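Visitor: I work at the bench and would like a quick tour of this model. Please keep the answers short.

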Amino acid sequence: MQSIAKVLSGDSLGQPVGVHGWIYRTRSSGGIVFVVVRDSTGIIQTTMRKGVVSDAEFELASSAGIESAVEVEGTLAEDKRAPGGLEIRASKFSLVAPSEPFPITEYQSTELLLDQRHLWIRSREQTAVTRIKAAMLRGGREWFQENDYVEVTPPMITGVAPEDSTTLFQIKYFDRIAYLSQSAQFYLESLIYSCERVWALTPSFRAEKSRTPRHLAEYWHLEMEAAWIDNDGNMKVQEELVTAMIGRAAVDCPAELKLLGRDAADLGRIAPPFDRMSYEEAMASLQKSGFDTSWGSDLGAVEERALTKERDTPLFVVNYPKELKPFYMKENPDDHRTYKNSDLLAPEGYGEIIGGSERETDNSLLVDRLREIGESLDNYQWYLDLRKYGSVPHSGFGLGLERMVTWVCKLEHIRDATPFPRTVARVYP
RNA sequence: GCCGUCGUAGCUCAGUAGGUAGAGCGUCCGCCUGUUAAGCGGAAGGUCAACGGUUCGAGCCCGUUCGACGGCGCCA
């Protein structure tokens, strides 16, 4: 047996080949049956003729339904009438396992596809997304390895909750309460004092009742933290990493990208340095476009879309007002109203995929800010400890993997960037 | 949390003025030796989301509940 991709390469033209997979489509016309077979690498038409295969095999082939598991052996032939120009003229057909009528047909609704997700992930589109996502992760892992980052394994169960813990999933943890992690950042920050440069890929959980095309309740969070680098260095890491991830997908998955309407060549234009714009400049630009917004307003979905819609490469927005961002960021010495931070916005209107910053290194400043926002210091004691024993400048960021996949794969909704999306309305299948 | 749309056959949908429930696809049976999500003929298939109300009569009008989807906010 060979992969369908291998057979489609045409190397075996005129020679015996065999494939196994699942029936993608069947059509029959009297004494001939067309069975289009799908495997993980592609689809190919096979033809069964009465008299060439046995009557029993012919009967099986003509009655087998979509998604039946089959094996076909025959001769590879060129034929203009075949989709793709190549077909296997079968000498042998066997049914590995029949399929009941497949619930997903040519007529589909969003609801059906989500209810039948365990079956819909067999689709060519979902398969392409899965492979592209894997390639992006491969590219990221390669980049981290080449740049001396240590992959670490932070916990996903935490005992600490901020005062406003409404966005945390609570779990029963033996005889007390614990929470599912929203971010591994504090754990990564702890690890830089030994490994200096660390990264982790973990699930993050958000109990926000968000109902948008860019939110999941569970998503894969790619986070990095490094000692001795400031926010400019942090942004350089981000643009190089993003470029490496996209580059790997473009090289390894051009066909999958094309299937999704994304030209791999266009992705090749994405290279450091990415454009940079301050929050203040972003505000001015939005006001010029007629937005009723001013200093202190956050960039919402509409604003991010406006800023990135006409772009085909990512955009950094830097130096947000402090009140819009969390307490652990480092104040901008050039403008005390803002932090040394950045959000990376994906182009084409997709919006934020990374949030990052230089971290505050001064223990007393952190304590002040925590008091200001009414947080109990007890919950942060171990985090504050990190500033007591050789505090060093450091920076880091978190990348929402599915958000990046949504952009790279030109998806309309983030739930298609993961095989089994978890949203406020769905935990099945 | 807020705003909006929709629940009718396995799937996608139509259902006019309130008067005995329809189509295409799928399934099953038959025909067809080059189909491209093939074509032709036939058959089976329904608690119209649930509950309550109005009416001689409700898929349709009113109310409540449940579910799903679209968008905003929050965020990656």
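Visitor: How many helices and strands does chain A have?
Guide: This is a predicted model, and the elements are counted along chain A. Helix H14 spans 401-408, and strand E16 spans 394-400. The full count for chain A is 14 helices and 16 strands.

Visitor: Into which domains is chain A divided, and how many Å separate their centres?
Guide: Domain 1 covers 4-97 and domain 2 covers 117-417. The C-alpha atoms of chain A fill a box of roughly 85 × 55 × 45 Å along the principal axes. Taken over C-alpha atoms, the centres of the two domains are separated by 46 Å.

Visitor: What share of the residues of chain A count as buried?
Guide: Chain A exposes about 20,900 Å², and carbon and sulfur atoms supply 50% of that area. A residue is buried when its relative accessible area is under 20%. Of the 429 residues in chain A, the buried share is 46%.

Visitor: What percentage of the contacts with a separation of 6 or more link residues 24 or more positions apart?
Guide: A contact here means heavy atoms within 4.5 Å. Take the contacts in chain A with a separation of 6 or more. Residues 24 or more positions apart account for 66%.

Visitor: Which residues are closest to RNA strand B?
Guide: RNA strand B is surrounded by 52 residues. By class, the surface near the strand has 14 nonpolar, 18 polar and 20 charged residues. The closest are Arg81, Ser109, Arg206, His215 and Arg415.

Visitor: What percentage of the RNA strand B atoms within 4 Å of the protein belong to sugar or phosphate?
Guide: The atoms in question are those of RNA strand B within 4 Å of the protein. Some belong to bases, and the rest to sugar or phosphate. The sugar or phosphate share is 44%.

Visitor: Which residue places a polar backbone atom 2.8 Å from a base oxygen of RNA strand B?
Guide: Start with the side chains. Glutamine 45 has a polar side-chain atom 3.0 Å from a base nitrogen of RNA strand B. Glutamate 106 has one 2.9 Å from a sugar or linking oxygen of the strand. The backbone atom at 2.8 Å from a base oxygen belongs to arginine 211.

Visitor: Is glutamine 126 buried or exposed?
Guide: Glutamine 126 sits in helix H5. Beyond residues up to four places away in sequence, it touches Arg117, Trp120, Ile121 and Asp416. Because its relative accessibility is 5%, glutamine 126 counts as buried.

Visitor: And lysine 133, is it buried or exposed?
Guide: Lysine 133 is found in helix H5. Leaving out residues up to four places away, lysine 133 touches Leu401, Glu402, Val405, Ala417 and Thr418. Its relative accessibility is 10%, so lysine 133 counts as buried.

Visitor: What distance separates the C-alpha atoms of valine 392 and alanine 226?
Guide: Valine 392 lies in the loop between helix H13 (381-385) and strand E16 (394-400). At 11% relative accessibility, valine 392 counts as buried. Apart from neighbours within four places, its contacts are Ile192, Tyr193, Ala227, Trp228 and Thr361. Alanine 226 is 166 residues away along the chain, and the C-alpha separation is 10.0 Å.

Visitor: Why does aspartate 148 count as exposed?
Guide: Aspartate 148 lies in the loop between helix H5 (124-146) and strand E6 (150-151). Its phi is near 65°, positive in a residue other than glycine. Aspartate 148 counts as exposed because its relative accessibility is 57%.

Visitor: What is the phi of phenylalanine 174?
Guide: Most residues other than glycine have a negative phi. Phenylalanine 174 sits in the loop between strand E8 (170-173) and strand E9 (176-180). At 68% relative accessibility, phenylalanine 174 counts as exposed. Its phi is positive, near 50°.

Visitor: Which residue does a cis peptide bond join to proline 272?
Guide: Most peptide bonds are trans. The bond from tyrosine 428 to proline 429 is cis, with omega near -5°, and proline 429 is in the segment after helix H14 (401-408). At proline 272, the cis bond has an omega of about -5°. The partner, in the loop between helix H9 (264-267) and strand E12 (275-278), is proline 273.

Methods
Residues numbered from 1 in each chain as written. Chains lettered and ligands numbered in written order. Predicted model: local features only at pLDDT ≥ 70, side-chain atom pairs only at ≥ 80, totals over all residues. Heavy atoms only, no water. Near = heavy atom within 4 Å. Polar contact = N/O pair within 3.5 Å; in protein donor to acceptor, adjacent residues only side chain to side chain. Nonpolar A, V, L, I, M, F, W, Y, C, P; charged D, E, K, R; others polar. Domains from an automatic or database assignment. Helix = DSSP H or I, 4+ residues; strand = E, 2+ residues; numbered from the N terminus. Buried < 20%, exposed > 50% of the residue type's maximum accessible area, 1.4 Å probe, protein only. Areas by Shrake-Rupley, 256 points an atom, 1.4 Å probe, with all protein chains shown as cover.
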